[in-house]
Amino acid sequence: MRSLSAALFLLLSCNSLPSANAATTSSAHHQPAQTCERLPSSLTYSQATAPADVSAILRVVVEKINRDVTGVVDVEVAWTGAELHRRVGERIVRCTVTRLAESVVQISEDSDDDGGDAEVQIDEHGREIVTQCFEVPFTILDVNECTISSPNPMAHRCQPPSICINTLGSYECVCPSASFQSSPSSVDFIPTPQFWEDITYNQHRTPWEVSYGRSSESSCPNSPSTFGCCDDDGHSREGAVCHSTFRCPVDPCEDVESSPCSSNASCQRANSPLAHPNYTCECPPGLMGNGKPCPKYNTQQQQQQQQQPKVKYDGKTPTESTKRLLDAGLLCGCTKPTVDPCDGYHDCPPKEMCVADSYNRPSCQCKPGHVRDEVYGCVDEHPPGLTLRYSSNPDSKFDTDRGIEYLTQGDRYEEYGVDVIDDNAEEYLRSLKITYSRPLPQGCLLDMGEFYVNYTVATPWTSPEFVRAKRTVVIQNVNECKVRMNDGNIGSHCPELVSMCDVDAGAACLDEIGTYTCQCPEGTEGDGFLPIPRLRPDGKGGFVGTMIPKAYNGGTGCRDTSRPVIELMGPNPKVFRVAKTSGLKGVVKGANDNADANARVDAILAEQRTTYEKDIKYMIVATSGAELCATSTRPNVRPMDCIRAKDHTYKGVVDLTARVSVGEPIHDGAPLRWKVPYNVMDDAGNKAKTVWRSIIVEEVGLDEFESSNEATMLTNRREEVDEAVREALEKERKRVAATSNNKRACPPCAPCDCKGKKDCGGMSVSECNAFCDKKLAAASASSSDASCPPNYLERSTSYDRTELNHQIIQDLVAYLEGLIGPSTLMLLLVGCFVAVMVYFLQRIVRALFFSSGPYVRTYYADEEREKMMMQNVSYYRSPTAATNRSTTTSTPSSSASRPPTASLSSQRNGIFSPQQNGTNVNNTTQQQQAEQYVSPFRSNDGTDNAIYQSVSPITPRRSDGNQTQPSSQGYNLRSNR
C-alpha cells in the first residue's frame, strides 16, 4: 500500500444510497463541487465482521482507494460513524482524492478519457496535482441474532421467558402471551410496523404478559416488548443493557414437571405476578394440606412424626390444631384426615375427660390419678400441694428452701400467691385463705423487720381438711443516699426514702441503719437538710411524720461561713515620683538665700500637692485600679493583675477576683501618703477582711530623679523575677503533691538473709513484701519477730532517716527561700556548685601536672627534716645478702645490689629503727659482723640524692619486743649513733 503524504481529515456526515450527489463535501483545497466517480466494487461485510469503529472503517476505505486509484497523494474521507458502524444496508463513503496529474493523464490516454474537468495545480513540493471525487460503496449484511447462542458477541440478550424477534440490523424482546407463544419460524422474517402495532396496542394482555411495572425490575416497565423503548441498535452499550434487563413474569404453573405443587394438587396462578406467592396449590375435595410437596424423609420415624390432619366429631370440620397447621401452611401435600371423636364432643364435668373406646366412641371418664366419689365426684387420690410463688424479676432475692423473700425499704409487697398442685384446685379456690402477721401499708415498705404470710387451702375429703404454706418476708435496709426522685424505681413511688440533703450547699448524705443523715462540709453550719414538708413540729423540739431522718432540725441546710481572702499583687506601697518644684539654684554661697523666691517655690509646691489626691482618684477610675500595680517593667497590666480574691468553699477554691471593689484613696495621716481599700463579698454574704494598698508620693529633685527611676526599675525587675520563681516553685509543689502519694508507705524490702536459720525458714520475695505490708507496727515495736525483723528494722530505720533527711533539706530550702528570696537562693546555690567544681578541677590539674611520680607522694613541709634525717642514717649490708651476692655473681640480676630506702623518721629510735637492747644474740652478732655498706648513690656532701630512685623499696618492721629475724634479701636500718 502506498503511504499517504498528509493526515486524514474526518468530516462526520453520512450519505445514503442511491443519491451520492446529495452529500456536501468540504475539500481541504477549497475545490468547487465535482461529479464523483463511483468505484466499481463494493465493500461487503456481515454485522459480525463489519468494522466496529471509525478507525477500522477509515483503514478499509483508504486501503480500497489506494488499491483502485493510482498516484494518490492525499485522501479526504467524509462520513458519519454513527450511521455506518455495523448498520445493515448499503452506504456510500465519499472521498476527495488528490492525485498526481501525470497519473490522471496516463489513465486518460489509456482509456480515451480526458480526465474530466479536473484543474491541475502545483503543490508545495512543485508537483502537478489534480483533485478528484470518488464514491466507495459500503454494504453490511444482516445477522439473525435470535439464532446465535452465547458466547457469540452477536447473540441476543433476551432473558427467559421473553421471545427474541430478529429485526434488520438488530433484535427486540417480546413477552409471551396467549396468542404469541414463540418467535416466528421463518428465518427471513422481518417484523413490519403493523406487527409491532399489533403487539403493542391491538392485543389485550394480562399482567403476566407484560414486563414488570417497576424500573428496578425491568428496563421497560409494563411494556409487552422492547420496541420503541430500547435503542434500535441492540449491540450498542445502551441497547445491550436495556435488552438484557428487560424482564417478563415467569408463569410458575406453566411447566407441569417443574410445578411447585404436589402431584395430587392443582397449581393455580395468581391474578398478578407480584403477589406473594403468585400461585396457590389446591387439594381435591376430601383431602387436606397445603398442596406443596412434602420433604424427603430420611427415616420412617421422621415420616411418622409428620403431623396428620384431623377433623372433629362431625367428620368435616378441622380440629383447632389442624386449623392452626393449615393456616400456618405446615401440613404438606394432600392427605385424607382422621376423625377425633372427642373434639366437638360435649364438655365433661370437672376432673373428667373424654375417652374414646375401642369402637372410637366418646364418653366422659375420671382423669388419671382420680377416683369417683359419691359426694364430690372425681377427686384426687392425694392431698394437694402448695408451692410459694416468687417474682420472676432476676433482681429479686429469695430463699425457696426456707420460704424467705427478701425486700428492701421502698419496695412494694406484691402478692404472688401459691401454686396449688392439685387437679381440684379450681373447685376449692374459693376457700383459699391468706393471713398476714401485720397489716400491709398501701404504699411502699418503710420500716425494717419481717412479717409472715400464711396460705391455707381447704381439702374436706382429706384428713386434716386443709393444707398450709408459710412465707417469711424480710425487709432490709436501703441506702437512701442513692435514691433519687422520679428515677423510675423507689424514688418514683416512695418519696419518703429520697434523701433531702442540701447537696447544692455541699451537704453529704450518710446512710444509717434504717434511716440516713446529712453532714455539712467544713466551713459551713446547719443540719444539712432541706425542709421536708411531710414532717411537722411536735412542739417539743421534735417532729412527727413518717421516716424522720437522723439529726433533722427543720431543714436549715448548710450556710457558708468562710470569709474570702484578698491578696495584693504588685507593689505595695505604690510609689509615684514627681519632680520637686524648685527655683533657680546657684552655686556660690549665699546665692540661694532669696526669701521671695523660696516663698514662691513653697506656694507652687503647696498648690501642686493639692492635686495629688485628685490625680490618684482619676487614675484609679480611668484604669479600674490597674495603675496601682503597674510598674515601669510591666506597664500593660489588667485590673485583675493587681488583686487576687479566693473563697475556700466545699466546691473548692472559687476565684472572686472579678468581684473585688476598689475604694477611694484615704489620707493616711502622714504627709504624701494614702491608702486604697479592697473589698469583696461571696455568694453567701461573707465579707472578706479589707485589704489596703499604700500609696506614697515621693517628691524628688531633678538631680536625683534619674537615679531614683533606675533604682525603681531594678527593684521592680527583681520583684518580678522573685514572683516568677515563686510561682514556678508553687506549681512544681502542686504537681508533685498531685502525682505522689502522701501516705507513708512501707519501703521496698531487701532480700531476706535468713538461709540456714531455724526461726526463718528462708523467706521469698513475695513473703518479704507481705511481711512489709502487714507487720510494720509489730516490727517497729519489737525486733524479736521470727521472720527477719532485725534486717527489716534496719531497712525501715534507714528509709526513715533518708526520708527525714529529705524533709530537713526541703524545709531548709523553703526557709532560705523565705529569708533571702528565691532569686538570691538560686544565685547562692549556683555559687556553691561553681566553687565545688573549681575545687575538684584544681585537684585534678595538680594531680595530673604537678605530682612527683605515679607512686610517690611528696610532702613539701618535710623537705628540711628529710635532709637532716639523711645526714643521720647509715646503711649496712646484711651478711646473708653479702654471701648471696658473692655466690651469685654469675647472674646479672643477682649481682646488682639493691639500694636501701630511708626512713622518714627523724628520731634515732623511731618506729622503723630496731631496738639496741634486743635479746636476740644471733641478731646482734650478725650486726657486729656485718660489713659497712656504702651507698653508690651518696654524694660528696654525705647526702643520698638518689634515695627515691629505688626500684623496690624496703618496708622495715617495727620491733615490739619480739625476736625478729631480718630478711636475708633485705636491708636493716640502724641509726648512726
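I'll start with a hairpin: strands β9 and β10 form it with 2 residues between them, and Gly169 in the turn has a positive phi of about 90°. Keep in mind that this is a predicted model. The two strands, β9 at residues 163-167 and β10 at residues 170-174, pair in the antiparallel sense over 5 bridges. One of the bridge partners to note is Cys173 in β10, which sits opposite Cys164.

How is β9 placed in the structure? 5 of its 5 residues are buried, so the strand is largely enclosed by the rest of the structure. On one side these are Ile163, Ile165 and Thr167, and on the other Cys164 and Asn166, so to speak a cover on both faces.

Now the cysteines. The whole structure has 18 disulfides, and I'll show three.

Cys253 and Cys267 are joined with an S to S distance of 1.7 Å. Cys253 is in the loop between α5 and β11 and Cys267 in β11 itself, so the link ties together parts 14 residues apart in sequence. The S-S torsion is about -55°, which makes this disulfide left-handed.

In the second, Cys294 and Cys332, the sulfur atoms are 2.0 Å apart. This disulfide is right-handed because its torsion is about 100°. Cys294 is partly exposed at 38% relative accessibility, whereas Cys332 is buried at 11%.

The third joins Cys348 and Cys364, with sulfurs 2.1 Å apart, and is left-handed at -80°.

Which cysteine sulfur is closest to that of Cys95? That of Cys133, but at 8.0 Å it is too far for a bond. Cys95 is buried, with a relative accessible area of 0%.

Methods. Residues are numbered from 1 along each chain as its sequence is written. This is a predicted model: local features need pLDDT of at least 70, side-chain atom pairs count only at pLDDT 80 or more; totals for chains, interfaces and linings use all residues. Side-chain values use heavy atoms; hydrogens and water are left out. Buried means under 20% relative accessible area, exposed over 50%, partly exposed in between (1.4 Å probe, protein chains only). Helices (H or I, at least four residues) and strands (E, at least two) are DSSP runs, numbered from the N terminus. Two strands pair if DSSP finds at least two bridges between them. A disulfide is a pair of cysteine sulfur atoms within 2.5 Å.
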